[in-house]
Structures are given as structure tokens and as C-alpha cells.
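Trainee: I would like a close look at one part of this protein rather than a tour. Please start from a single side chain and work outwards, with the cut-offs stated as you go.

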Amino acid sequence: MAHTRENSDGRMMAHTRMAHTRESIEDREIRNWKKKTIGSIFFTIPIAFLMFSERIFGLQIFDESIMIIAILILAFPVIFVFGFRTIKTGTKGFCTFYFNMDSLIALGTVLAYITGILSFFGFVKDYSGVSAMIMTIFITGKYIEARARGRASIEIKKLLELGAKKALVLRKNKELEISISELKIGDVMIVKPGEKIPTDGIIIKGESSVDESMISGESMPVV
């Protein structure tokens with residue numbers, strides 16, 4: 001029994017370390033996307049001002065060629081620094097023929113950025129500023145997604161903490177309270193009124209009503 005309890009404690013300690021590791025990884029990912037979002041917005045705001053200043057405010061700050069160069073310079077860190085992870089993953093998708101949203105964003109933003117260079121030769125119209133805006137919106141969405149996923153993980157951990165930690169079993173006609181990690185297949189559990197059900201099982205004797213609202217969302221007890 002002592003050996004089993006020691007193994008159980010070892011497993012519980014391992015689970016705890018894993019939980020802390022996952023939490024630190026989630027926090028690190030949120031912090032990483034937050035920095036990328038702030039940096040992208042910092043460079044995209046002047047790009048938007050240069051693109052729409054003449055149309056909205058009637059101000060022509062630079063000549064068209066100089067404005068294109070300025071937009072290319074400002075858009076470069078947004079696409080190839082803050083969006084490097086997206087570009088890398090998207091490019092890998094084209095190599096392996098396993099496409100995802102990163103592949104679409106990478107293709108669209110890189111091609112739109114290249115139009116800024118080709119516009120000097122009169123081949124196409126400049127859309128390099130739009131590429132930075134698209135990448136910024138995508139990075140912002142990734143940041144929001146990471147935060148939402150982090151909150152969901154916290155809520156799931158809270159639900160797991162609400163579960164039963166002990167189980168009352170019948171062994172050799174005696175009621176014993178043991179840790180749920182020591183439960184074995186075939187053990188007969190005794191669940192008294194108001195107690196939590198430690199794990200799945202088949203009712204072999206007795207009857208009662210069970211609140212399954214945490215699982216099914218149904219507020220009425222199930223008989």
C-alpha cells in the first residue's frame with residue numbers, strides 16, 4: 001500500500017510540473033503575439049496615414065515614388081520580421097502541399113509586397129501598404145486567439161480541480177477511503193447523497209439522482 005501511494009504521489013507531482021509547463025508556454029505565446037501585434041501596429045499606422053492622407057485629408061506629403069519607397073521600408077518589418085513565423089509556416093505548406101491559413105496569408109502578403117517593387121517598372125499598381133495591413137490584422141487575430149485559448153485552459157483546469165480527490169470503496173466487506181489514483185477496475189464504489197462521483201462506473205445497487213449540469217448543461221437532475 002505504501003509503495004502504491006508513493007507511485008501515486010510521483011504521478012501527481014509529474015502532473016503538477018506538466019501543468020506549470022503548459023501554463024508557462026501559454027503565457028509565453030500570448031506575450032510573444034502581443035509584442036508582434038504592438039510592433040505591427042506601430043509600423044502600420046504611418047503606412048495607413050501615407051496611403052489615405054491625400055484621399056481623406058487632401059494632403060500629398062511625398063511624391064508617389066518616394067511614398068512607395070517609404071511604404072516598402074515600413075512594411076518590411078511587418079511582413080518579414082513580425083510575420084516571419086507566418087511566412088515560414090506558410091511557405092512550408094507549399095513545399096509539403098499541406099495548406100492552411102498561414103499559406104494563404106503568406107502568399108497574399110508577399111505578392112502584395114512585391115507589387116510595390118514592380119510598380120517602379122510600371123508592371124502593376126502598388127499594394128505593398130495593403131500587405132502590411134493584412135499581416136497586422138492576421139497577427140492581431142492570432143493574439144486574440146492565444147488569449148482566448150489561454151482563458152479556456154484556465155477554466156478547464158478549474159473544472160478539473162472541482163473533481164473528487166477521494167473515493168469510498170468496498171473491499172472485503174469494509175468501506176475504505178482511498179485516493180482516486182488507487183482505484184482499480186472492478187472496485188465497488190459507494191457514493192453517498194451529496195457526494196461527487198469519483199469516476200465512471202456501472203450502478204449495481206441503489207438509486208439516486210445525479211446533477212450532470214457541468215457535463216451536459218442540463219440543470220435538471222438525472223435519475
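Mentor: Phe 82 counts as buried, at 19% relative accessibility (buried means under 20% relative accessible area, exposed over 50%, and partly exposed in between, with a 1.4 Å probe and protein chains only). The model is a predicted one: local features need pLDDT of at least 70, side-chain atom pairs count only at pLDDT 80 or more, and totals for chains, interfaces and linings use all residues. Residues are numbered from 1 along each chain as its sequence is written, and side-chain values use heavy atoms, with hydrogens and water left out.

Phe 82 belongs to one aromatic cluster together with Phe 42 and Phe 43. The structure holds seven aromatic pairs (rings of Phe, Tyr and Trp, the last by its six-membered ring, pair if their centres lie within 6.5 Å; planes under 30 degrees apart are stacked, over 60 edge-to-face, and the rest tilted). One of them joins Phe 43 and Phe 82, a tilted pair at 6.2 Å centre to centre with 45° between the planes. Phe 43 comes from helix 1 (residues 2–57) and Phe 82 from helix 2 (residues 64–82), so this pair ties together parts that are 39 residues apart in sequence. Helices here are DSSP runs of H or I with at least four residues, strands are runs of E with at least two, and both are numbered from the N terminus. Phe 43 is partly exposed, at 22% relative accessibility.

Another pair leads from helix 2 to the next part of interest. Phe 80 and Tyr 113 meet edge-to-face, with 5.4 Å between centres and 85° between the planes. Phe 80 lies in helix 2 and Tyr 113 in helix 4, so the pair ties together parts that are 33 residues apart in sequence. Phe 80 counts as partly exposed at 29% relative accessibility, whereas Tyr 113 counts as buried at 9%.

That brings us to helix 4 itself. Its 18 residues should span 26 Å at 1.5 Å a residue, and the end C-alpha atoms are 26 Å apart, which agrees; the expected span is 1.5 Å times one less than the number of residues. Tyr 113 has company among the buried residues of helix 4, including Asp 102, Ile 105, Ala 106, Thr 109, Ala 112 and Gly 116. An α-helix has 3.6 residues a turn, so residues three or four places apart point the same way. Leu 107, also in helix 4, is partly exposed, with a relative accessible area of 40%. The C-alpha atoms of Leu 107 and Gly 90 are separated by 7.5 Å, although these residues are 17 apart along the chain.

At the N-terminal end of helix 4, Asn 100 acts as a cap, with a side-chain oxygen 3.1 Å from the backbone nitrogen of Asp 102. Ser 103 is found in this helix, which covers residues 101–118, and counts as buried at 2% relative accessibility. A polar atom of the Ser 103 side chain lies 3.4 Å from the backbone oxygen of Gly 90. A polar contact is a pair of N or O atoms within 3.5 Å; within protein, one must be able to donate a hydrogen and the other to accept it, and residues adjacent in sequence count only if both atoms are side-chain atoms. Not counting residues up to four places away in sequence, Ser 103 touches Gly 90, Gly 93, Phe 94 and Tyr 98, where contact means heavy atoms within 4.5 Å.

Helix 1 also has a partner in helix 5 (residues 128–161), where Thr 136 lies. Thr 136 is buried at 8% relative accessibility, and its contacts beyond four places in sequence are Ser 40, Ile 41, Thr 44 and Val 78.

Finally, the setting and its confidence. The protein chain has six helices and three strands, in the order α-α-α-α-α-β-β-β-α. Its average pLDDT is 80, and 82% of the residues score at least 70; pLDDT is the predictor's confidence in each residue, from 0 to 100. Over residues 1–22 the pLDDT is below 50, and this stretch has seven contacts in the model beyond near neighbours in sequence. Where pLDDT is low, the predicted coordinates should not be read in detail.
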